[in-house]
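Colleague: I have not looked at this one before. Can you put it up and take me through it?

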There are 2 protein chains.
Amino acid sequence: MFHALADGTRRDIVLRTLDGEYSVSALARRYPMSFAAVQKHVAVLEAAGLVTKQRKGREQLVRGNVDTVRRATQLLDRFEAVWRGRIDRMGEILADDPNGGTR
Amino acid sequence: MFHALADGTRRDIVLRTLDGEYSVSALARRYPMSFAAVQKHVAVLEAAGLVTKQRKGREQLVRGNVDTVRRATQLLDRFEAVWRGRIDRMGEILADDPNGGTR
DNA sequence: GGGATCTACAACCATATGGTTGTAGATAAC
DNA sequence: GTTATCTACAACCATATGGTTGTAGATCCC
């Protein structure tokens with residue numbers, strides 16, 4: 001998932017498709033690369049669950065999936081929680097032992 | 001930055017070093033790979049600003065940088081904000097036009 | 001001083017990545 | 001029916017990635 005978000009074009013595709021539906025070719029027109037390249041990016045995003053595709057006639061509509069974005073956010077929040085835990089423990093040590101950290 | 005977070009070993013290193021300080025070799029002992037491999041991961045994380053290194057004698061202490069994690073979180077929050085904007089607009093359309101979406 | 005440890009970095013390798021072009025199947029438009 | 005459009009996928013290429021081993025400079029310990 002982070003890997004899928006690691007590419008700038010893919011992040012942009014997610015942003016666009018969170019804002020509205022786009023066919024793959026409509027997306028491709030917006031980037032200075034071939035249709036096939038954009039198609040691959042969409043496939044990576046789809047495999048990561050960041051977008052979903054829905055057939056509509058001959059075109060395939062791409063929509064961003066906010067639930068997966070939320071899961072990424074939650075994962076990063078857990079990083080911050082670990083950090084807070086460390087800071088809290090440092091506070092406890094200072095509170096328990098007035099001489100903590102000195103010799 | 002997302003690229004740096006895209007590797008599982010690197011995410012684990014960030015987690016550990018957010019929780020406490022580790023020398024590079026102390027980190028390396030925890031993973032089933034060579035010291036040099038872990039060193040490279042740390043270098044990638046440092047370049048992305050996700051960890052900082054501080055010399056202490058012959059060892060190099062690695063600390064996670066919560067500020068950068070926060071920036072990643074904020075970026076993802078912006079993704080969700082775009083999504084909310086879309087939903088809000090959809091709500092407005094329905095409110096403005098009772099026949100919206102039908103033929 | 002001499003040996004052990006920690007780090008840095010280069011060289012190398014297999015595979016993944018991001019891009020290309022080309023071909024082919026469905027669907028829409030005329 | 002024929003042509004144009006949208007999509008899928010394969011083949012290919014250059015470069016990046018994640019791993020290895022090896023060498024070498026600092027620092028610590030005896």
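Colleague: What turn lays chain A on chain B, and with what RMSD?

Modeller: In this predicted model, a turn of 180 degrees with a shift of 0.0 Å along the axis lays chain A on chain B, and the RMSD is 0.0 Å. That is the relation of a two-fold axis. The copies are superposed by least squares on the C-alpha atoms of residues with pLDDT of at least 70 in both.

Colleague: And how much of the contact surface of chain A recurs in chain B?

Modeller: 100% of the contact residues of chain A recur in chain B, so the same surface serves both copies; contact means heavy atoms within 4.5 Å.

Colleague: Before we go on, what are the ground rules?

Modeller: The model is predicted, so local features need pLDDT of at least 70 and side-chain atom pairs count only at pLDDT 80 or more, while totals for chains, interfaces and linings use all residues. Residues are numbered from 1 along each chain as its sequence is written, chains are lettered from A and ligands numbered from 1 in the order in which they are written, and side-chain values use heavy atoms, with hydrogens and water left out.

Colleague: Now the DNA. Which residues come nearest to strand C?

Modeller: There are 24 residues around DNA strand C, and A:Ser34, A:Lys40, A:His41, B:Ser25 and B:Gln60 come nearest. A residue is near a strand if one of its heavy atoms lies within 4 Å of it. Of the atoms of DNA strand C that come within 4 Å of the protein, sugar and phosphate account for 64%.

Colleague: Which polar atoms lie by its phosphate oxygens?

Modeller: One is a side-chain atom of A:His3, 3.3 Å from a phosphate oxygen of DNA strand C. On chain B, a polar side-chain atom of B:Gln60 lies 2.4 Å from a phosphate oxygen, and a polar backbone atom of B:Val24 is 3.3 Å from a phosphate oxygen. A polar contact here is a pair of N or O atoms within 3.5 Å; within protein, one must be able to donate a hydrogen and the other to accept it, and residues adjacent in sequence count only if both atoms are side-chain atoms.

Colleague: Which elements supply that surface?

Modeller: Helix 4 (35-47) of chain A, and from chain B helix 3 (24-29), helix 4 (35-47), strand 2 (51-56) and strand 3 (59-64), each supply at least two residues. Helices (H or I, at least four residues) and strands (E, at least two) are DSSP runs, numbered from the N terminus.

Colleague: And strand D, which residues are closest there?

Modeller: DNA strand D is surrounded by 24 residues, the closest being A:Ser25, A:Gln60, B:Ser34, B:Lys40 and B:His41. Sugar or phosphate makes up 61% of its atoms within 4 Å of the protein, and the rest belong to bases.

Colleague: Which residue has a polar side-chain atom by a base nitrogen?

Modeller: A:Gln39 does, at 3.2 Å from a base nitrogen of DNA strand D. Phosphate oxygens of DNA strand D lie 2.6 Å from a polar side-chain atom of B:Ser34 and 3.0 Å from one of B:Arg10.

Colleague: Changing topic: which residues of helix 2 of chain B are buried?

Modeller: They are B:Thr9, B:Arg10, B:Ile13, B:Val14, B:Thr17 and B:Leu18. Buried means under 20% relative accessible area, exposed over 50%, partly exposed in between (1.4 Å probe, protein chains only).

Colleague: What caps its N-terminal end?

Modeller: B:Asp7 does, with a side-chain oxygen 2.9 Å from the backbone nitrogen of B:Thr9.

Colleague: What about B:Arg16, where is it and what does it touch?

Modeller: B:Arg16 is in helix 2 of chain B and is partly exposed, at a relative accessible area of 24%. Not counting residues up to four places away in sequence, B:Arg16 touches B:Tyr22, B:Leu27, B:Arg30 and B:Tyr31. Of these, B:Arg30 lies in the loop between helix 3 and helix 4 of chain B, and B:Arg30 is partly exposed, with a relative accessible area of 47%.

Colleague: Last one: is A:Thr73 buried or exposed?

Modeller: A:Thr73 counts as buried because its relative accessibility is 8%. A:Thr73 sits in helix 5 (residues 66-96) of chain A, and leaving aside its neighbours within four places in sequence, A:Thr73 is in contact with B:Thr73, B:Leu76 and B:Asp77.
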